[in-house]
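Hi everyone, thanks for making time this morning. I'd like to walk you through one model, with the sequence and structure up on the screen.

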Amino acid sequence: MIDINTFIPSDTLMTLINILLIIVTTYILTRLIAHYMNKMKRFKEDMTAIYLIRDIICAIIYFVALMAILQFFGINLAGTLLSLGIVGIAVSFAAKDIISNLFSGIMLILDRSVKVGDTIEINGEKGYVEKISLRSTTITDDYGVKNNVPNSILTNNEYLEYKNPEMYRVDIFAGLPLNIDIVDFREYIINKMESYPEISDNPKPDVYGKEISFKQSKIKVSFWVNNFNDKDKYKLIITNDIRKYMQIGETDE
């Protein structure tokens, strides 16, 4: 039987095992912390402070793990950091954007000028704030695209913050078969939209004729949702209501 100690000294083997244990433990701890803190969304609408606490705890765990690993190589991280004052200054200049975003993130979270769930517009891009971390803020736009905006941009530039809840206009374009009466359809779909509490009564929903051809009548269904975050939900609901009415019309033909 081959003795592994002939290839790897026992001291080196134990060092590698200990380093591996630290890495695995660090990974499990950070994943568990992120998992349980993210579950708090069910109980807390404003997750801004929760995200800050999560990031700080994870950063501390990473730092402690790094110090522990370096100890196995005979490196005293605390002493090394003190002895590298000049290098530290140079590194701080090189990492000034990271440091700027870090402190900007802390300012945003503590000042609560921007909170998770707010609707804002910056540099012509509008969306709701999905997450605020120490380095960047995640803003999801109307198309579901997530934009990671560096925190320093939010603290150093002007942005529009919309009143909560922010109303939003939804336009749905459809082509109705020629056998469907547009006036009857308009009455039906408006009654449907007015039955949903999240669709605004002021401005009122309406249907507009756009174009007619030998195959179909093109119309636009327009309504406002009371909350910006409900736009995709009711776009799907009303689209499905239109589809159901079109099926009924084709069956009656």
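**A loop, two sheets and some rings**

Let me start with one contact: the side chain of serine 200 reaches the backbone oxygen of asparagine 202 at 2.8 Å. A polar contact here is a pair of N or O atoms within 3.5 Å; within protein, one must be able to donate a hydrogen and the other to accept it, and residues adjacent in sequence count only if both atoms are side-chain atoms.

Before I go on, a word on the source: this is a predicted model, where local features need pLDDT of at least 70, side-chain atom pairs count only at pLDDT 80 or more, and totals for chains, interfaces and linings use all residues. Residues are numbered from 1 along each chain as its sequence is written, and side-chain values use heavy atoms, with hydrogens and water left out.

Back to our serine. Serine 200 is found in the loop between α7 and β7; helices (H or I, at least four residues) and strands (E, at least two) are DSSP runs, numbered from the N terminus. Is serine 200 buried or exposed? Serine 200 is buried, because its relative accessible area is 4%, and buried means under 20%, exposed over 50%, partly exposed in between (1.4 Å probe, protein chains only). Leaving aside residues up to four places away in sequence, serine 200 touches Met167, Pro205, Trp224 and Asn226, where contact means heavy atoms within 4.5 Å.

In that loop we also find proline 203, and the peptide bond leading to proline 203 from asparagine 202 is cis, with omega near 5°.

Now the sheet that β7 belongs to. Three strands form an open sheet in the order β6-β8-β7, with antiparallel pairing; two strands pair if DSSP finds at least two bridges between them. The edge strands are β6 (168–177) and β7, each pairing on one side only. From one strand to the next, the twist averages 25°. β7 and β8 (residues 216–225) share six bridges, and glycine 209 stands opposite isoleucine 219 in β8. Helix α7 lies across β6, β7 and β8, running at about 145° to β7. For that angle, axes are lines fitted to C-alpha atoms, for helices over the stretch in contact, and angles run from 0 to 180 degrees between N-to-C directions.

There is another open sheet, with five strands in the order β4-β3-β2-β1-β5 and antiparallel pairing. Its edge strands are β4 (146–150) and β5 (160–162), and its twist averages 40° from one strand to the next.

Last stop, the rings. How many aromatic pairs does a search of the whole structure find? The search finds three. Rings of Phe, Tyr and Trp (its six-membered ring) pair if their centres lie within 6.5 Å; planes under 30 degrees apart count as stacked, over 60 as edge-to-face and the rest as tilted. Tyrosine 188 and tyrosine 245 have ring centres 4.7 Å apart and planes at 35°, so this pair is tilted. Tyrosine 188 lies in α7 and tyrosine 245 in α8 (residues 231–251), so the pair ties together parts that are 57 residues apart in sequence. Tyrosine 188 is partly exposed at 25% relative accessible area, whereas tyrosine 245 is buried at 16%. Ring pairs link both tyrosines with Phe185 into a cluster.

That's my tour, and I'm happy to rotate the model for anyone.
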